[in-house]
Amino acid sequence: MTLGPLEYIVIGFDGNKFDGSIAAEIEKVVEKKIIRLVDVVFIGKDATGDVAIVELDNKDDPRFASFAPLLADTAGLFTEEDVLAIAEGLPLNSSGLAMLFEHRWAEDIKDAMSAAGGFLVSRSVVPPEVLEAVNAELEAGASA
């Protein structure tokens with residue numbers, strides 16, 4: 001299996017109130033072949049800093065049951081060190097859903113670049129704080 005561009009995100013939840021409802025929206029982008037989940041891990045951190053790591057294949061836990069159909073194609077690439085580093089970055093009394101995913105939408109572009117003798121020079125992600133500032137400016141401009 002050849003993987004396309006990979007990215008990981010961690011979605012945090014205050015007070016360990018993760019209920020799994022986010023799976024429905026993740027399923028939409030997986031079904032549309034926009035992304036492919038490569039690894040998904042749930043990490044909980046209590047008020048004293050104790051960490052619990054849960055693989056999402058636990059179909060008996062209602063918080064994770066809705067993820068079952070999304071996990072068939074995962075490769076489990078997060079290492080223990082990766083997960084512990086993510087856990088370290090979580091605030092106390094919170095949880096995180098760590099998702100490593102492939103950008104499926106880029107597969108044909110990657111092939112076309114290669115066929116044309118092209119190559120990727122740079123790739124970056126715009127930080128959320130910058131997006132918030134840009135959105136605020138756009139909204140202020142639209143209101144004026």
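Which residues line the second largest pocket? I looked this up first, in a predicted model where local features need pLDDT of at least 70, side-chain atom pairs count only at pLDDT 80 or more, and totals for chains, interfaces and linings use all residues. Residues are numbered from 1 along each chain as its sequence is written, and side-chain values use heavy atoms, with hydrogens and water left out.

I found the lining to be Glu 27, Val 30, Glu 31, Lys 33, Ile 35, Arg 36, Leu 37, Pro 69, Leu 70, Ala 72, Asp 73 and Arg 104. For the term itself I noted that, on a 1 Å grid over the protein atoms alone, a pocket is an open set of points where a 1.4 Å probe fits, with protein on both sides within 12 Å along at least five of seven lines, and that lining residues have an atom within 4 Å of a point. Helix H1 (23-31) and strand E2 each supply at least two of these lining residues; helices (H or I, at least four residues) and strands (E, at least two) are DSSP runs, numbered from the N terminus.

I then turned to the sheet, which is open, has four strands in the order E1-E4-E2-E3, and is paired in the antiparallel sense, where pairing requires that DSSP finds at least two bridges between two strands. I noted E1 (6-14) and E3 (51-55) as the edge strands, each pairing on one side only.

Last, I followed E2 (residues 35-45), which pairs with E3 over five bridges; among the partners, Gly 44 is matched with Ala 52 and Phe 42 with Val 54.
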